[in-house]
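Subject: Structure handover

Hello,

Here is the structure I promised to pass on. Please open it first, then read the notes below.

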Amino acid sequence: MSPRKLKTDPVITDMPAQKMAVVRGKGAPDKVFSQIFPALFGSVYTLKFDLVKKGLESFKVSCPRARYPDANLVPKGEWIIIAGIPVPENTTSLPQKEPGTEVKLETWEYGPVAQILHLGSYDREMETVERLHKFIAENGYEIAGPHEEEYQSKPDAKVLKTLIRYQIKKRP
């Protein structure tokens, strides 16, 4: 009998590329999110409700994601943060809701990814990240993209749920 799979066990899966509404920031996430998420959510919800008003097919607003391309290179206060929310593939423009914070359309590439669910506070993620890194190496892969997090709970939830993800490729 094989051991039971837990939701918090690392997995390797394949993800399709996704069109995203994206906003960029720089600094520690706890400082930057309050500046960039209102623009991001405002833009995506306005897009959703504009589609409804026009009688077009709408979409469910997904969990926000953030990529940290230099998190392992610079101090937290200097991190580049690329936050995004998936939007329909046929989206060609985004309404801008916050002056001074531009929300752009981008396609985030994925392919094979390794991911793990972290339960608990953001400042306790390191052990989970290290577990995922070890899992990637033990399975013959290496990291091929930035550290990405998908926030599956509201910041004030009793138990924070964060999906930690990396694009991966087979080691040569």
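Let me start in a loop. Lys97 sits between strand 4 (80–86) and strand 5 (104–108). Keep in mind that this is a predicted model. Is Lys97 buried, exposed or partly exposed? Lys97 has a relative accessibility of 45%. Buried would need under 20% and exposed over 50%, so Lys97 counts as partly exposed. Ala66 is 31 residues from Lys97 along the chain, and their C-alpha atoms are 20 Å apart.

Thr92 lies in the loop between strand 4 and strand 5 as well. Its relative accessible area is 70%, so Thr92 is exposed. Measure from Thr92 to Phe41 if you want a check on your viewer. You should get 17 Å between the C-alpha atoms, for two residues 51 apart along the chain.

**The largest pocket**

Next, look for open space. Rolling a probe the size of a water molecule over the atoms shows where empty space is left. The largest pocket has a volume of about 1000 Å³. Its lining counts 34 residues. Which of them are closest to the centre? They are Phe33, Tyr68, Tyr122, Glu149 and Tyr151. Three elements give two or more residues to the lining: helix 1, helix 2 (126–138) and strand 8 (147–151). Helix 1 gives the most, with 6 residues. By type, the lining has 20 nonpolar residues, 7 polar and 7 charged.

**Salt bridges**

How many salt bridges does the structure hold? There are 10. Three of them are described here, and then a network.

Begin with Arg67 and Glu148. Their side chains meet at 2.6 Å, N to O. Arg67 is in strand 3 (residues 65–68) and Glu148 is in strand 8, so this pair links distant parts of the chain, 81 residues apart. Are the two partners buried or exposed? Arg67 has a relative accessible area of 10%, which makes it buried. Glu148 is buried too, at 2%. Both belong to a network of salt bridges. The linked residues are Arg65, Arg67, Glu148, Glu150 and Arg165.

Now go to Arg131 and Asp9. Their side chains form a salt bridge at 3.5 Å, N to O. Arg131 is in helix 2, while Asp9 is in the segment before strand 1 (11–15), so the bridge ties together parts that are 122 residues apart in sequence. Arg131 is partly exposed, with a relative accessibility of 39%.

The third pair is Lys31 and Asp30. Here the side chains meet at 3.7 Å, N to O. Lys31 has 54% relative accessibility and counts as exposed. Asp30 is exposed as well, at 59%.

**A nonpolar patch on the surface**

Which residues form the nonpolar patch on the surface? Tyr45, Phe49 and Val52 do, and together they have about 280 Å² of accessible area. Phe49 is placed in helix 1 (residues 29–53). Val52 is found in helix 1 too. Phe49 has a relative accessible area of 45%, so it is partly exposed. Val52 is also partly exposed, at 47%. Recall that helix 1 gives the most residues to the lining of the largest pocket.

**Lys161**

One last stop. Lys161 is found in strand 9 (residues 161–170). It is partly exposed, with a relative accessible area of 39%. Two distances help to place Lys161. From Lys161 to Val52 the C-alpha atoms are 30 Å apart, with their positions 109 residues apart along the chain. From Lys161 to Gly42 the C-alpha distance is 23 Å, and these two are 119 residues apart in sequence.

**In short**

Keep three places in view. The largest pocket has a lining of 34 residues. The salt-bridge network includes Arg67 and Glu148. The nonpolar patch is made of Tyr45, Phe49 and Val52.

Best wishes

Technical notes:
Residues are numbered from 1 along each chain as its sequence is written. This is a predicted model: local features need pLDDT of at least 70, side-chain atom pairs count only at pLDDT 80 or more; totals for chains, interfaces and linings use all residues. Side-chain values use heavy atoms; hydrogens and water are left out. Patches are made of residues with over 30% relative accessible area and no salt bridge: like charges are joined within 9 Å, nonpolar side chains (Val, Leu, Ile, Met, Phe, Trp, Tyr) within 5 Å. Accessible areas come from the Shrake-Rupley method with a 1.4 Å probe; for residues, only the protein chains shown count as cover. A salt bridge is a side-chain nitrogen of Lys or Arg within 4 Å of a carboxyl oxygen of Asp or Glu. Helices (H or I, at least four residues) and strands (E, at least two) are DSSP runs, numbered from the N terminus. Buried means under 20% relative accessible area, exposed over 50%, partly exposed in between (1.4 Å probe, protein chains only). On a 1 Å grid over the protein atoms alone, a cavity is a set of points where a 1.4 Å probe fits but cannot get out, and a pocket is an open set with protein on both sides within 12 Å along at least five of seven lines; lining residues have an atom within 4 Å of a point. Grid points are joined across faces, edges and corners, and a volume is the space filled by probe spheres set on the points. Ala, Val, Leu, Ile, Met, Phe, Trp, Tyr, Cys and Pro count as nonpolar, Asp, Glu, Lys and Arg as charged, and the others, Gly among them, as polar.
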